[in-house]
Amino acid sequence: FEDQKCATYKPEIGPTRPGDGLTLRPLCVSDFDKGYLTLLTHLTKVGDISREQFEERFQAMVRTQPNLYYTVVIEDDVTHQVVGSATLVKEMHFIRQCASRGRIEDVVVNSTYQGKQLGKLLVDVLTLLSKKVGCYKVSLECLDNMVPFYSKFGYVKEEGQNYMCRRY
Ligand code: 16G
């Protein structure tokens with residue numbers, strides 16, 4: 001994380017050492033059995049997703065478009081449960097000489113594991129990855145109370161820019 005604006009970790013953690021008994025890795029299809037969907041319910045509604053639906057969506061995201069969706073998870077090596085996750089989506093555009101932009105989505109950490117700086121780790125890893133895979137910018141949407149958290153990573157509300165949404 002040397003040359004990037006990143007939060008300071010105490011004690012020192014990083015992608016290869018996320019903390020004692022924890023592993024950071026890409027999402028696997030077997031994470032269906034490791035509580036991945038339950039973890040997402042800590043963030044928002046998930047619904048009733050069958051194994052078949054999960055596998056179909058996983059294939060569509062990871063296999064058919066291998067360089068557009070990057071979901072990382074943190075697994076507890078003892079319980080074999082997924083305790084944290086976040087996704088980087090690389091969007092392709094024509095603007096800015098056929099540029100790509102990144103979006104960080106679905107950042108979630110099991111509340112039992114809070115205080116281990118796993119949220120910071122997930123956001124740092126995906127922010128650095130967005131640059132590495134060639135995004136000209138990376139953005140995220142969050143609740144008001146999370147703005148101070150994401151500000152630590154250099155995310156700012158850009159002047160004159162508004163996030164607008166239409167729900168169905
Ligand atoms: C949060 C997430 C966003 C997700 C949304 C789901 C981050 C940084 N933001 O805002 O990615 O899409 O929650 O909420 O993780 P919704 O189900 O109400 O749309």
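**Strand pairing, overall form and ligand surroundings**

Strand 3 pairs with strand 4 (residues 100-109) in the antiparallel sense, and eight bridges connect the two. The model described here is a predicted one. Within this pairing, E91 has R101 of strand 4 as its bridge partner. Strand 3 (residues 82-92) also runs antiparallel to strand 2 (residues 69-76), to which it is joined by seven bridges. In that second pairing, V82 of strand 3 stands opposite E75. The hairpin formed by strand 2 and strand 3 has five residues between the strands, and H80 in this hairpin adopts a positive phi near 60°. In a regular strand, side chains point alternately to one face of the sheet and to the other.

These strands belong to a protein chain whose secondary structure comprises five helices and five strands. Read from the N terminus, the order of the elements is β-α-α-β-β-α-β-α-β-α. The radius of gyration of the protein chain is 16 Å, close to the 15 Å that the globule rule gives for 168 residues, and the chain is therefore as compact as a globular protein of that length. The C-alpha trace extends over about 45 × 40 × 30 Å along its principal axes. Of the 168 residues in the protein chain, 23% are buried. Among contacts in the protein chain with a separation of 6 or more, 63% are made by residues 24 or more positions apart.

Helix 2 (residues 51-63) contains F54. This residue has 16 C-beta neighbours inside 10 Å; a buried residue would need 20 or more and an exposed one 12 or fewer, so F54 counts as partly exposed. When neighbours within four places in sequence are left aside, the contacts of F54 are with F32 and I49. Between F54 and D106, which lie 52 residues apart along the chain, the C-alpha atoms are separated by 16 Å.

D106 is also one of the residues around the ligand. The ligand is surrounded by L43, T44 and K45, by I104, E105, D106 and V107, and by L140, E141 and C142. Classified by residue type, this shell consists of five nonpolar residues, one polar residue and four charged residues. The polar residue is T44, while K45, E105, D106 and E141 are the charged ones. The nonpolar part of the shell is made up of L43, I104, V107, L140 and C142.

Key:
Residues are numbered from 1 along each chain as its sequence is written. This is a predicted model: local features need pLDDT of at least 70, side-chain atom pairs count only at pLDDT 80 or more; totals for chains, interfaces and linings use all residues. A residue is near a molecule or strand if its C-beta atom, placed from the backbone, lies within 6 Å of it. Helices (H or I, at least four residues) and strands (E, at least two) are DSSP runs, numbered from the N terminus. The radius of gyration is taken over C-alpha atoms; the globule rule is 2.2 Å times the number of residues to the power 0.38. Two residues are in contact if their C-beta atoms, placed from the backbone, lie within 7 Å. Two strands pair if DSSP finds at least two bridges between them.
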